[in-house]
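Reader: I should like a close examination of one part of this model, with its charged pairs treated in detail. Please keep the account connected.

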Amino acid sequence: MDLDEAAAEVAARTPGWRAAGLVVGEVTWRDEMAPWPQSFETDRSRVNDPDSVGVLVSGPEETLLSVVLFRGGWADVDYLASVDDVGALPASGVDSAAVFGIRFDEWVVRVFGDLTA
């Protein structure tokens, strides 16, 4: 999994999400080779061996979507759509940046609704 390509998928979608009223946080990176506890970096150039890339997207009424993609092809996807709708979404089998982009679109719709309506 090329995490730089995955980050590019997020970057390509960010203007549309922002136009729809979502707030997109800075992309964060974790370096596999960094000493424990590993910190998250927003400057990609400070990460030599990226093993994850993540972003937090928030919307109206405190809705949140947190996605952390690991180079092994899975993601931690946590969300808060409402007080009664909170949890984790299935996120295995993410074997390419293109698949990640498609899945991210699905997660955004699940949490924030159809942004094109």
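To begin, what is the relative accessible area of D85, and is D85 buried, partly exposed or exposed?

Author: In this predicted model, D85 has a relative accessible area of 21% and is partly exposed, because buried means under 20%. Its side chain meets that of R110 in a salt bridge, at 2.8 Å from N to O. This pair links distant parts of the chain, since D85 belongs to strand β7 (residues 85–88) and R110 to helix α2, 25 residues apart. R110 also counts as partly exposed, at 36% relative accessibility.

Helix α2 itself covers residues 97–112, 16 residues in total, and reaches 22 Å from its first C-alpha to its last, close to the 22 Å expected. Several of its residues are buried, among them F100, F104, W107 and F112. The cover over the buried residues of α2 includes α1 (3–19), β4 (50–58), β5 (64–70) and β6 (74–82). After α2 comes G113, with a positive phi near 90°.

The pair of D85 and R110 may be set beside other charged pairs, for the whole structure holds 8 salt bridges. One of them joins R30 and D51, with the closest N and O atoms 2.7 Å apart. R30 lies in strand β2 (residues 28–31) and D51 in strand β4, so this pair ties together parts 21 residues apart in sequence. Both R30 and D51 are buried. A further salt bridge, at 3.2 Å from N to O, is formed by the side chains of R46 and E41. Here R46 is exposed, with a relative accessible area of 56%, whereas E41 counts as buried at 17%.

Methods:
Residues are numbered from 1 along each chain as its sequence is written. This is a predicted model: local features need pLDDT of at least 70, side-chain atom pairs count only at pLDDT 80 or more; totals for chains, interfaces and linings use all residues. Side-chain values use heavy atoms; hydrogens and water are left out. Helices (H or I, at least four residues) and strands (E, at least two) are DSSP runs, numbered from the N terminus. The expected span of a helix is 1.5 Å times one less than its number of residues. Buried means under 20% relative accessible area, exposed over 50%, partly exposed in between (1.4 Å probe, protein chains only). Contact means heavy atoms within 4.5 Å. A salt bridge is a side-chain nitrogen of Lys or Arg within 4 Å of a carboxyl oxygen of Asp or Glu.
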